[in-house]
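Take a look at the chain below and turn it around before reading on. This report walks through it part by part.

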Amino acid sequence: MTHRLTIELRRKQRDCHELCCSCARFFKVGETAHSGYAEDGTPLHVGDCCSSKLAETAVRTYWQTRAYEIPDEDASLWRYMDFSKFLLLIKERAIYFARADHVGDKFEGAKGASTNRTVWDDYYLRFFRESILNPPDGKRPNISPENLQSEAERLLKEMEASGIRQLKTTYLSCWHESETESEALWRLYCPPPSVGLAVHASYGSLNTSLGDNPDIAIGRVRYIDFRKEFAGPSDAIFRKRHSLSHEREVRAVISQPDGNDSFGIHRPVDLNLLIHQVVISPFASSWFEALLRGTMAKFEVDIDIIASELMLEPFY
Ligand SMILES: [Zn+2]
């Protein structure tokens with residue numbers, strides 16, 4: 001294995017995650033996935049079925065289901081914000097990604113609820129004991145039951161510490177997926193009499209505007225009942241409590257294991273590719289539209305500005 005991972009190969013791994021890109025057979029959990037290049041340099045992500053097509057193997061992995069679901073290209077995404085956040089977006093021409101431990105949800109990155117902790121701990125202690133006794137080389141170690149238990153407990157502690165560390169090296173940009181505007185979110189993010197707006201984008205526009213970067217994972221959050229379910233070690237950043245399911249969140253996630261410990265990072269973005277429309281808050285004062293148009297012109301951002309659909313008048 002060469003470990004040579006070009007961006008094209010990383011995109012292939014992302015886009016063909018579910019199936020062998022050569023014969024379109026779906027992967028099964030635990031089988032080997034081979035990533036590499038054909039003789040002519042074409043990136044390939046294949047199963048054992050088609051591994052003979054690889055002239056160079058970059059990496060092999062045990063296939064696992066993806067931690068998140070990727071929306072359709074045209075899935076409609078919204079980001080409600082006050083004017084100052086929008087000003088920052090167009091001035092910097094960059095999306096702000098907040099550090100995961102600073103987004104204000106104590107269950108961010110959680111594996112479960114504390115009431116279920118013993119079930120989780122017992123499962124992983126058993127898993128670690130079995131892994132120690134059955135190493136990949138098949139040589140069963142000579143270890144006392146006491147030492148086996150204390151080593152399993154050390155690994156469990158290390159796993160939790162690693163989960164906590166991960167929150168400090170993971171950065172999020174959170175979006176709301178919906179075909180239409182949400183009055184509830186207008187009230188939450190732009191409550192009267194504040195001035196605010198919503199940026200209307202799509203999964204495809206968000207991904208493209210960030211450079212179609214396979215190292216930025218963009219996917220749907222899954223809402224779970226932490227009283228009954230757990231989030232896996234590699235899934236947790238895409239799991240939230242059921243009580244937040246109205247958010248219908250799609251998040252873009254950046255992992256920076258060697259991060260600089262800042263509370264947030266900016267990622268350059270092509271605003272014209274990202275934003276379909278800017279929608280003015282139904283609660284904004286009448287002078288806001290002129291201010292918004294003037295500001296966007298000053299920063300040379302030429303994007304449609306429209307009124308909120310909540311401004312429609314009924315007839316009876
Ligand atoms: Zn195949």
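What follows goes from the whole chain to single residues.

## The whole chain

This is a predicted model. The protein chain has 316 residues, and 26% of them count as buried. Its C-alpha trace spans about 75 × 55 × 45 Å along the principal axes. The chain holds 8 helices and 14 strands.

How much of the contact count in the chain comes from residues 24 or more positions apart? Among contacts with a separation of 6 or more, such pairs account for 77%.

The domain assignment gives three entries: domain 1 (7-62), domain 2 (76-108 + 171-311) and domain 3 (114-167). Domain 2 is thus written as two stretches of sequence. The centres of domain 1 and domain 2, taken over C-alpha atoms, are separated by 33 Å.

## A sheet of three strands

Start with an open sheet of 3 strands. Their order is 2-1-3, and the pairing is antiparallel. Why do strand 2 and strand 3 each have one side without a neighbour in the sheet? Strand 2 (43-46) and strand 3 (56-62) stand at the edges, and each has a single partner strand, so one side of each is left free of a neighbour in the sheet. On average, neighbouring strands here are turned by 15° against each other, direction ignored.

Strand 1 covers residues 32-37 and runs antiparallel to strand 2. The two are joined by 4 bridges. In one of the pairs, G36 has L44 of strand 2 as its bridge partner. As a general rule, strands of a sheet pair through backbone hydrogen bonds, either parallel or antiparallel.

A helix belongs to this picture too. Helix 1 (residues 7-15) lies across strand 1, strand 2 and strand 3. Helix 1 runs at about 30° to strand 2.

## Strand 5 and its partners

Now move to strand 5, residues 94-99. Strand 5 is joined to strand 12 (residues 264-268) by 5 bridges, and the two run antiparallel. I95 has R267 in strand 12 as its bridge partner. Strand 5 is also joined to strand 6, by 2 bridges, and this pair runs antiparallel. Here A98 stands opposite L172 in strand 6.

Y171 lies in strand 6, which covers residues 170-177. Is Y171 buried or exposed? Y171 is buried, because 25 other C-beta atoms lie within 10 Å, and the cut-off for buried is 20 or more. Leaving out residues up to four places away in sequence, Y171 touches F97, A98, R99, A100, I254, Q256, G264 and I265. Take I265 from that list. Y171 and I265 are 94 residues apart in sequence, but 7.3 Å apart in space, C-alpha to C-alpha.

## The nonpolar cores

The largest nonpolar core has 39 residues. Which residues have the most contacts inside it? They are L77 and L206. L77 is in contact with W175, H176, E177, A201, S202, Y203, L206 and V250, leaving aside its neighbours within four places in sequence. Another core, of 7 residues, lies apart from the largest one. Among its members are C20, C21, F27 and A33.

## Backbone details in the loops

Two residues other than glycine have a positive phi, listed here.

| Residue | Phi | C-beta neighbours inside 10 Å |
|---|---|---|
| R93 | near 50° | 15 neighbours |
| D212 | near 50° | 13 neighbours |

R93 lies in the loop between helix 2 (83-92) and strand 5. D212 is in the loop between helix 6 (203-209) and strand 8 (216-220). Each neighbour count makes its residue partly exposed: this holds for R93 and for D212.

Another loop holds a cis peptide bond. The bond runs from P192 to P193, with omega near 10°. P193 sits in the loop between helix 5 (183-189) and strand 7 (196-202).

## An exposed loop residue

Last comes E69, in the loop between strand 3 and strand 4 (76-82). E69 counts as exposed because it has 12 C-beta neighbours inside 10 Å, and the cut-off for exposed is 12 or fewer. Apart from neighbours within four places in sequence, E69 is in contact with G219 and R220. How far is E69 from D122 in space? The two are 29 Å apart, C-alpha to C-alpha, and 53 residues apart in sequence.

How values were computed
Residues are numbered from 1 along each chain as its sequence is written. This is a predicted model: local features need pLDDT of at least 70, side-chain atom pairs count only at pLDDT 80 or more; totals for chains, interfaces and linings use all residues. Two strands pair if DSSP finds at least two bridges between them. Axes are lines fitted to C-alpha atoms, for helices over the stretch in contact, and angles run from 0 to 180 degrees between N-to-C directions. Two residues are in contact if their C-beta atoms, placed from the backbone, lie within 7 Å. A nonpolar core is a set of buried Ala, Val, Leu, Ile, Met, Phe, Trp, Tyr and Cys residues joined through C-beta atoms within 7 Å. Domain bounds come from an automatic or database domain assignment.
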